[in-house]
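Reader: I have a new model open and would like to learn how to read its charged pairs and its surface. Could you walk me through it?

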Amino acid sequence: MQVSPKVKLIRYTADPEATVALAAKLCYSDRELDDLTDNIYESDNSKFISRITEMGHLSPIEHASFTFSIEGVSRALLAQITRHRIASFSVRSQRYVSEDSFNYVVPPAIEELGGAAVARYKGQMDTIMDWYRDWQSALGRGEKSNEDARFILPNACETKMLVTMNARELIHFFALRCCNRAQWEIRGVAWMMFEEVVKVAPNLFRECGPGCLRGACPEGKKSCGRPDVVKAKRDEIFDRADKSDKVKK
């Protein structure tokens, strides 16, 4: 069955912005930690967080962490996202979980070719399922058969995972993966993750996004040339978060 990506922020550091502000102020204050803590949680820390970010004092940001559930994505995406090594991953195993009726991702470029192309693609997925089941049967089924039958599975095969990153790594992740030059699937997931964290810690991620939002595009001659589109997308996310926050209040 064809699937689409779903991203949800399921856990995060309590009061992430206050935690970051506390860590940063501790570096510059001779006050007792209890006093700092009391004042931090009673204050608006937005300007202070903006200031330390502009200074490049990013180590305090590492104290805030965020855990996402991600599903409806391909094993091809898994190969990309795990390149971000300052992160923790738990992924559904193809060894212990049978894929005899696996879900799969259809690339947009194939969908754009029309119904006949999509039907052809889905037929190929069905054929691979048959091959997989055939090898499972030949290998005796169970964990051992899954272990070797999975070698026939495509990159399109769906996977599910939990991903945890601290805020500093997320800033780096968004800079790379929200870029229009990033591969379409991980770019889409990155924007979903971005929208999730903006809901709970907008000031930590206020200036996040591809490098073109802060100056010249780091892609150079390979630039998409559309920083206006990227900025508009980021602004829309903050607008939705602001409207949602006002409704809650």
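**Salt bridges and surface**

Author: Happily! Let us start with one pair: Glu-219 and Arg-181 form a salt bridge, with their closest N and O atoms 3.2 Å apart. This pair links distant parts of the chain, since Glu-219 sits in the loop between helix H9 (184-200) and helix H10 (227-248), while Arg-181 sits in the loop between helix H8 (167-177) and H9, 38 residues apart. The model is predicted, so local features need pLDDT of at least 70 and side-chain atom pairs count only at pLDDT 80 or more, while totals for chains, interfaces and linings use all residues. Residues are numbered from 1 along each chain as its sequence is written, and side-chain values use heavy atoms, with hydrogens and water left out.

Reader: What is the rule for a salt bridge, and how many salt bridges does the count come to?

Author: In general, side chains of opposite charge can pair when their charged atoms come close. The rule asks for a side-chain nitrogen of Lys or Arg within 4 Å of a carboxyl oxygen of Asp or Glu. By this rule there are 13 salt bridges. Another of them joins Glu-71 and Lys-160, at 3.2 Å from N to O. Glu-71 belongs to strand S2 (residues 65-74) and Lys-160 to strand S4 (residues 158-166), so the pair ties together parts 89 residues apart in sequence. Helices (H or I, at least four residues) and strands (E, at least two) are DSSP runs, numbered from the N terminus.

Reader: Is Glu-99, the partner of Arg-92, buried or exposed?

Author: Buried means under 20% relative accessible area, exposed over 50%, and partly exposed in between (1.4 Å probe, protein chains only). Glu-99 has a relative accessible area of 3%, so Glu-99 is buried. Arg-92, at 25%, counts as partly exposed. The closest N and O atoms of these two are 3.6 Å apart.

Reader: Which residues make the nonpolar surface patch?

Author: A patch gathers residues with over 30% relative accessible area and no salt bridge; like charges are joined within 9 Å, and nonpolar side chains (Val, Leu, Ile, Met, Phe, Trp, Tyr) within 5 Å. Here Trp-131, Trp-135, Leu-139 and Ile-152 make a nonpolar patch of about 400 Å²; areas come from the Shrake-Rupley method with a 1.4 Å probe, and for residues only the protein chains shown count as cover. Trp-131 lies in helix H6 (residues 115-139) and is partly exposed, at 46%.

Reader: And how many helices and strands are there in the protein?

Author: The protein has 10 helices and four strands. Of its 249 residues, 39% are buried.
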